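Biologist: I am new to this structure and would like a close look at a single part of it, set against the whole. Please take your time with the explanation.

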Amino acid sequence: MNDYIKAVFRSRPNRFIAEVEIDGNLEIVHVPNTGRCKELLVQGGATVYLLPSNNPKRKTKYSLHFVENEGALVSIYSQQANDIVYKSILDGKIKELSNYDIVEREKRVENSRIDIYLANEYGGDCYVEIKGVTLVTNNIAIFPDAPTERGGRKHLQKLIKLKKEGHRAVVFFLIQHPNGKSFKPNWETDIDFSKTLSKAYAEGVEILVYKSDNKLDKIEIIEETIEFDLEKPHN
């Protein structure tokens, strides 16, 4: 079990660090999520959980992994979504991705990498790109929570290309906020990503949405798919 330290969030000077209060003392900590997280990291009050680092060369002694929000424990360690999905595939917990013998991470495809590559002895294969989702509004999980750089769209375009070449292609959204009950792209914040996601789906790229069950000592995937809606809202 990881020994998490409980603290109070105070401010976020930039996207990489936050100022928190531990037992009355202010501490600068690392934030492993480049999204805004402004609905989660509420200035001057949110309860957060920090993981101490054992690396003496690090500039910050802690990383901010969890935040309490509306009665739920939210995982904001975005890269951990990849670890959770990878382990869940190996454990057979994602039924849509269960019939593969080979499971590789960070598969190089031309000049980029895809998060997970799957293959079986019958010649079938699948490329999976993973996105961690932390923004939830009215029980709807929304991605992204801030405009993505070109990389987000580039990954989707790569999946479209792979699908056209005859491969199976999947974009996997892992909702890391327990209150999320459905999913939609964030048309208001990032219309380009949302359009590209809709195009990818129309071109045959599959969309899978699952949710994680978060505890301080363990994060596991919930073995049921979550509904999604790609339609642009009418204003």
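Biologist: To begin with the whole, how much accessible surface does the chain have, and what share of it belongs to carbon and sulfur atoms? After that, please turn to Ser112 and tell me in which strand Ser112 is found, and whether Ser112 counts as buried or exposed.

Modeller: Please keep in mind throughout that this is a predicted model. The accessible surface of the chain comes to about 12,300 Å², and 44% of that surface belongs to carbon and sulfur atoms. Beneath this surface, the chain has three helices and 16 strands, and its C-alpha atoms fill a box of roughly 60 × 45 × 35 Å along the principal axes. For 235 residues, a compact globule would have a radius of gyration near 18 Å, and because the chain has 18 Å, the two agree. Buried residues account for 47% of the 235 residues, and of the contacts between residues at least 6 apart in sequence, 62% join residues at least 24 apart. As for charge, the chain carries 34 positive and 35 negative charges, whose mean positions lie 5 Å apart.

Now to the part you asked about. Ser112 is found in strand β8, which covers residues 112–119. The relative accessibility of Ser112 is 10%, and because buried means under 20%, Ser112 counts as buried. Leaving aside residues up to four places away in sequence, Ser112 touches Lys107, Lys154 and Lys158, and these lysines are of a residue type that counts as positive.

Note on methods: Residues numbered from 1 in each chain as written. Predicted model: local features only at pLDDT ≥ 70, side-chain atom pairs only at ≥ 80, totals over all residues. Heavy atoms only, no water. Helix = DSSP H or I, 4+ residues; strand = E, 2+ residues; numbered from the N terminus. Rg over C-alpha atoms; globule rule 2.2 N^0.38 Å. Buried < 20%, exposed > 50% of the residue type's maximum accessible area, 1.4 Å probe, protein only. Contact = heavy atoms within 4.5 Å. Areas by Shrake-Rupley, 256 points an atom, 1.4 Å probe, with all protein chains shown as cover. Charge placed at Lys NZ, Arg CZ, Asp CG, Glu CD.
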